[in-house]
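Biologist: I am new to this structure and would like a close look at a single part of it. Please take me slowly through one helix and the helices that pack against it, and then place that part in the rest of the chain.

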Amino acid sequence: MLSMKGKYGLKAMCHLAGLPEGQVVQSSEIADVNSISKKFLDAILADLRHAGFVHARKGRGGGYCLTRPAEDIMVGHVLRVLDGPLAPIHCASRTAYHRCHDCPDENACSVRLTMLDVREAIASVLDTRSIASMRQMAEAEESEKIAALHVS
């Protein structure tokens, strides 16, 4: 399950993806617009900065921006930084694998084999969807709502 940290981190990344190139935004604005605790968001942004996804400019006129184009930042990479491995169990993980102590033969374990399929399905979506495409999906939905209001 997606944690609140992961959810808020993705919301912040989508917010930053909407900024014009070269512009920065303060964490308080991101927090206000997305209904996130500023203190929690600051911790999330620190993790994203350490991972190289966001840049923090200090001082007057400072704030946050993406370090590279949103098209080049995949959702799965961001979630691994914030929430850890995508696999639902450790023995199905590619990045944090460790064998289960209660499994005599993991190659014949139906639970592990099923969770490997789950992990692959999750990764196939999250590792091919960019932050830019997430933002575009939300913008398209908003445009459809506005268009529907004008028709009524």
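Modeller: What follows begins with the first helix and its neighbours, and then moves outward to the rest of the chain. Please keep in mind throughout that this is a predicted model.

Helix H1 covers residues 4-17, and one of its partners is helix H2, residues 27-34, with the two axes 10 Å apart and an angle of about 110° between them. H1 and H2 are therefore roughly perpendicular to each other, and their crossing is right-handed. On the H1 side the residues that meet H2 are Lys-11, Ala-12, His-15 and Leu-16, while H2 brings Glu-29, Ile-30, Val-33 and Asn-34 to the contact. Sorted by class, this contact of H1 with H2 holds four nonpolar, two polar and two charged residues.

H1 also packs with helix H3, residues 38-50, where the axes come within 10 Å and cross at roughly 75°, an angle that makes H1 roughly perpendicular to H3. Here H1 contributes Met-4, Lys-5, Tyr-8, Gly-9, Ala-12 and Met-13, and these face Phe-40, Leu-41, Ile-44, Leu-45, Asp-47 and Leu-48 of H3. By class, the contact of H1 with H3 has nine nonpolar residues, together with one polar and two charged ones. Ala-12 is worth finding in the picture, since this residue of H1 is listed in the contact with H2 and again in the contact with H3.

Further along the sequence come two strands, E1 (residues 54-57) and E2 (residues 63-66), which pair in the antiparallel sense over four bridges. Val-54, for example, has Leu-66 in E2 as its bridge partner. The two strands form a hairpin with five residues between them, and in the turn Gly-59 has a positive phi of about 90°.

Another helix pair is made by H4, residues 75-83, and H5, residues 110-126, whose axes come within 7 Å and cross at roughly 120°. In this contact Val-75, Gly-76, Leu-79 and Arg-80 of H4 meet Arg-119, Ala-123 and Leu-126 of H5, which by class gives four nonpolar, one polar and two charged residues.

Stepping back to the whole, the protein chain has six helices and two strands, and along the sequence they follow the pattern α-α-α-β-β-α-α-α. The radius of gyration is 19 Å, well over the 15 Å that the globule rule gives for 152 residues, so the chain is more spread out than a compact globule. Taken along the principal axes, the C-alpha atoms of the chain fill a box of roughly 60 × 45 × 25 Å.

How values were computed
Residues are numbered from 1 along each chain as its sequence is written. This is a predicted model: local features need pLDDT of at least 70, side-chain atom pairs count only at pLDDT 80 or more; totals for chains, interfaces and linings use all residues. Side-chain values use heavy atoms; hydrogens and water are left out. Axes are lines fitted to C-alpha atoms, for helices over the stretch in contact, and angles run from 0 to 180 degrees between N-to-C directions. Angles under 35 degrees count as roughly parallel, over 145 as roughly antiparallel, 65 to 115 as roughly perpendicular and the rest as oblique. A crossing is left-handed if the near helix is turned anticlockwise from the far one by less than a right angle, and right-handed if clockwise. Contact means heavy atoms within 4.5 Å. Ala, Val, Leu, Ile, Met, Phe, Trp, Tyr, Cys and Pro count as nonpolar, Asp, Glu, Lys and Arg as charged, and the others, Gly among them, as polar. Two strands pair if DSSP finds at least two bridges between them. The radius of gyration is taken over C-alpha atoms; the globule rule is 2.2 Å times the number of residues to the power 0.38.
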